[in-house]
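Grab a pencil and work through these exercises with the model open beside you. Try each task before you read its solution.

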Amino acid sequence: FDWIARRNTLTLEWEPELAESWEVADDEKSITVTLRDDLKWTDGEQITADDVIFTVNELIFPEEIQSNLRDGLYVGDEPSKWTKVDKLTFKVELPTVYAGIFNMLAINIMPEHVFKPLIEEEGHSAVNSFWGVDVDPEEIVSSGPFMLSEYESSQRVVMKKNPDYYKEDQWGQQLPYIDELIYTIVEDQDTMFARYLAGETDFHPLRGEEFEELNNQKEELNTTIYDVGPDASTTFITFNMNPVEGEDDNGITPPEHNWLSNKKFRTAMAHLIDRETMINNVAYGFGYPQYSFVPRISPYYWEGVDEAAPKYDPQRAKELLEEIGYKDRDGDGVREDPDGNAIELVLNTNSGNRVRESVGEIFSQEARDVGIDITFKPIEFNSLVGKLVSSYDWEMILIGLTGSVDPISGANVYPSSGNLHMVEPNQEEPRRDWEKRVDEAWEKANQTTSEQQRKEGFKEIQQLWVEHIPWAYTYNDALIYAFKNKFGNIKPQPVDDYDWAGILERIYIKE
């Protein structure tokens, strides 16, 4: 699926995609967008403003439909208003000036003629199970450069060129250049690497441990290795502070809630993240210490965060634990709180991710060394997500999020009302003073078009994150991509959607 607008892969400036043009109102509270007149769904139907309005009002806003896009279309507590002007034109109105007005256009539009009958017959909730893995690929109607051709469970996904795709290069040749794209599904990263070495795949994102072997074989494999820079994604340990309030409420109870809600305890845990060891032992030296949710390449990155954030210091962790009365009172090696409760916690991550499993083991051992009994328990990924967004039945989780040049894309993460505000999602009012201050700084950073004000607001949020440690960050991987030399136009960037996947439509096979 294509977006209405997106940032240019190389310049990161906003440019039209499905849109042909737009006009921002003088008061900057609305934008009127005109779509191209040559847009077609893969079943031949024209893409129009009706599809846009239907997608927003009937597929994103309804609460019955599971969507992480909903928060991104709100300004504070108020939704944006999307209305049709004519067949190819629509208008987006906002309650106030908002920096994310273009980010709202970076959504995938869905075909009204496919989803409207479904909703009329079965209701909005039917969308949640529509187009499952058992659907005939030919039934999936899309708009992007590739269309689904074949799906073999646990084997592969085959994409074929969309013959009606609207984009052309500067010489008038239709994109994409490649006729077919095959994603292979493998059981683990070792198998993925083995297939690349065997010549069965054309692209591979390297782990640090694989670099030397591939580098030694790059001539015979006819491969070029690209050093893309630090990954824009985040990897962190988050702490559950969501209290159970009533019989029907989900969350955690004392004493675990008391420990995790204590800022000094969380700060002590942050002092136990040995980034140097993680980078050297897990990433084989190919990594960067991480202290912020803003990527280093972003203009909103606060340079002072590297100095301000807690560093690896087990002795300081012990001192903080002593200050709050968490002491080993019976000499068994595990600290107890002032009420005599042994401090025992469970740290989850998604099983099968060897990097996170290794990081979790390193951190858990550091915690045990200072008297905090951490049981590290990887679980199946869908179960992990269910804990985060539904049951809230967890204590500590090691997880990651994709990064973005503009942190405004985290509207469902950083404000207290967000459904992925992991410490306590979906708050009607911020429970904690620091969350209230984050919410205020979020408005400062985003209810403006002033770049200076945006930088100041995001700096305040990064400062609050460092001070209160809702998450403790680990490290960024160094992004290293290997492509076979038969391809041209290889210019990957270290940001999700602008990386290797973001350049697929312009990759070509050399003669």
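**Warm-up: a buried tryptophan**

W465 has 4% relative accessibility, so it counts as buried (buried is under 20% relative accessible area, exposed over 50%, partly exposed in between, with a 1.4 Å probe and protein chains only). Before going on, note that this is a predicted model, where local features need pLDDT of at least 70, side-chain atom pairs count only at pLDDT 80 or more, and totals for chains, interfaces and linings use all residues. Residues are numbered from 1 along each chain as its sequence is written, and side-chain values use heavy atoms, with hydrogens and water left out.

**Exercise 1: rings and charges**

Task: Describe how W465 and W471 pair, then find the cluster they belong to.

Solution:
- Step 1. Rings of Phe, Tyr and Trp (its six-membered ring) pair if their centres lie within 6.5 Å; planes under 30 degrees apart are stacked, over 60 edge-to-face, and the rest tilted.
- Step 2. Searching the whole structure turns up 26 aromatic pairs. In one of them, W465 and W471 sit 5.4 Å apart, centre to centre, with 85 degrees between their planes, an edge-to-face pair.
- Step 3. W471 is buried too, because its relative accessibility is 3%.
- Step 4. Now zoom out: ring pairs tie W465 and W471 into a cluster with F236, F293, Y300, Y414, W434, W442, F458 and Y473.
- Step 5. Look for charges over rings, meaning NZ of Lys or CZ of Arg within 6 Å of the ring centre and within 35 degrees of the ring normal. K311 has its charged end over the ring of Y291, 5.0 Å from the centre. K484 does this with Y196, at 4.7 Å from the ring centre.

**Exercise 2: a strand residue**

Task: Which residues does M147 touch, leaving out those up to four places away in sequence?

Solution:
- Step 1. Place M147: you'll find it in strand β9, residues 146–152 (helices, H or I with at least four residues, and strands, E with at least two, are DSSP runs numbered from the N terminus).
- Step 2. Check its surroundings: M147 has a relative accessible area of 11%, so it is buried.
- Step 3. List the contacts (heavy atoms within 4.5 Å): T42, S142, V158, M159, K160, K161, N162 and P163.
- Step 4. Compare sequence with space: M147 and F1 are 146 residues apart along the chain, yet 8.7 Å apart from C-alpha to C-alpha.

**Exercise 3: unusual backbone spots**

Task: Where are the cis peptide bond from L175 to P176 and the one joining P254 and P255?

Solution:
- Step 1. Recall the background: most residues other than glycine have a negative phi, and most peptide bonds are trans.
- Step 2. From L175 to P176 the bond is cis, with omega near -5 degrees. P176 lies in the loop between β10 (156–161) and β11 (180–184).
- Step 3. P254 and P255 are joined by a cis bond with omega about 5 degrees. P255 belongs to the loop between β14 (234–239) and α5 (256–260).
- Step 4. For positive phi, try W131, with a value near 55 degrees. W131 sits in the loop between α2 (112–122) and β9, and it is buried, because its relative accessible area is 18%.
- Step 5. N222 also has a positive phi, of about 55 degrees, though it is not a glycine. You'll find N222 in the loop between α4 (211–217) and β13 (223–230). With a relative accessible area of 42%, N222 is partly exposed.
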